[in-house]
Amino acid sequence: MKIALLGYGRMGKTIERIAVERGHQIVLKVDIGNRDKVTDAQLREAEVAIDFSAPSVAVENYKWCFNNGVTVVSGTTGWLEQWQEVVEYCGQKGCGFFYASNFSVGVNLFFQLNAYLARLMGGFNDYKVYIEETHHIHKLDAPSGTAITLAQGILDHHPAYKSWELAHEIPLPEDVIPVTAKREGEVPGIHTVLYKSEVDQIQICHSAFSREGFAYGAVLAAEFMQGKKGILGMKDMLKI
């Protein structure tokens, strides 16, 4: 499979290594230093583009790919306020788009556990829920896309909560999920969901040991998208 890498930072380099190990060819590497020099013809050499760029250029990248008939696999977060715009544009161009806030298989199982726990806790309002995420200091958006997915999973299944917000010193309303975002060193990613009462607490946590799991999942997604059109994600690929 011929792959274009949009964003060639640490994640892009890890994806490149894993893709090549799996027999794929990297035909294009696009980053901030060469984006204005890359032509549409060069992009069209790729069958799929894997995007781990920046929130500020992500949507522009997707449209560029769709205009050239190139399928997109995206792990860039922080742009979801334009989700519907991207979905509609992808449909108009008849392309394929695979988005995941996190490509780790373990994290996507964690999402299912989070939703199940939220359903269980829906009848026990003595417990207040909290979400905390910790990432490396290079991460541009906060909270992480994974934390937002966790919050949405709770909102979908716990009737006591109506929204989420980044935690501040000022207490939030009872129906708002506080999300704390920390940036420390080179932490690949730690996500914790905590239900706390006056007498005890329940905690579930996922800790990534490296970027390998995310990169591997992105390459699997690119393989999964061969010959497919429309909007797909990890639930489709993992059949969960």
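**A tour of charged pairs**

Begin by selecting E133, which counts as buried because its relative accessibility is 0%, and keep in mind as you look around that this is a predicted model. Now add R183 to the selection, and you will find that its side chain meets the side chain of E133 in a salt bridge, with 2.8 Å from N to O. R183 lies in strand β8 and E133 in strand β6, so this pair ties together parts that are 50 residues apart in sequence. Unlike the buried E133, R183 is partly exposed, at 25% relative accessibility.

Next, select K182 and E132, whose side chains also meet in a salt bridge, here with 3.5 Å from N to O. K182 belongs to strand β8 (residues 176–183) and E132 to strand β6, so this pair, too, joins parts 50 residues apart in sequence. K182 is partly exposed at 33% relative accessibility, and E132 is partly exposed with a relative accessible area of 33%.

From R183, move to K139, which touches R183 as well as T77 and S144. K139 sits in the loop between β6 (128–135) and α6 (145–157), and its side chain makes a polar contact of 3.2 Å with the side chain of D141.

Finally, select E212 and R17, where a salt bridge joins the two side chains at 2.2 Å, N to O. This pair links distant parts of the chain, since E212 is in helix α7 (residues 212–224) and R17 in helix α1 (residues 10–21), 195 residues apart. If you add E21, you will have a network of salt bridges that links R17, E21 and E212.

Technical notes:
Residues numbered from 1 in each chain as written. Predicted model: local features only at pLDDT ≥ 70, side-chain atom pairs only at ≥ 80, totals over all residues. Heavy atoms only, no water. Helix = DSSP H or I, 4+ residues; strand = E, 2+ residues; numbered from the N terminus. Polar contact = N/O pair within 3.5 Å; in protein donor to acceptor, adjacent residues only side chain to side chain. Contact = heavy atoms within 4.5 Å. Salt bridge = Lys/Arg side-chain N within 4 Å of Asp/Glu carboxyl O. Buried < 20%, exposed > 50% of the residue type's maximum accessible area, 1.4 Å probe, protein only. Lists of a residue's contacts leave out its neighbours within four places in sequence.
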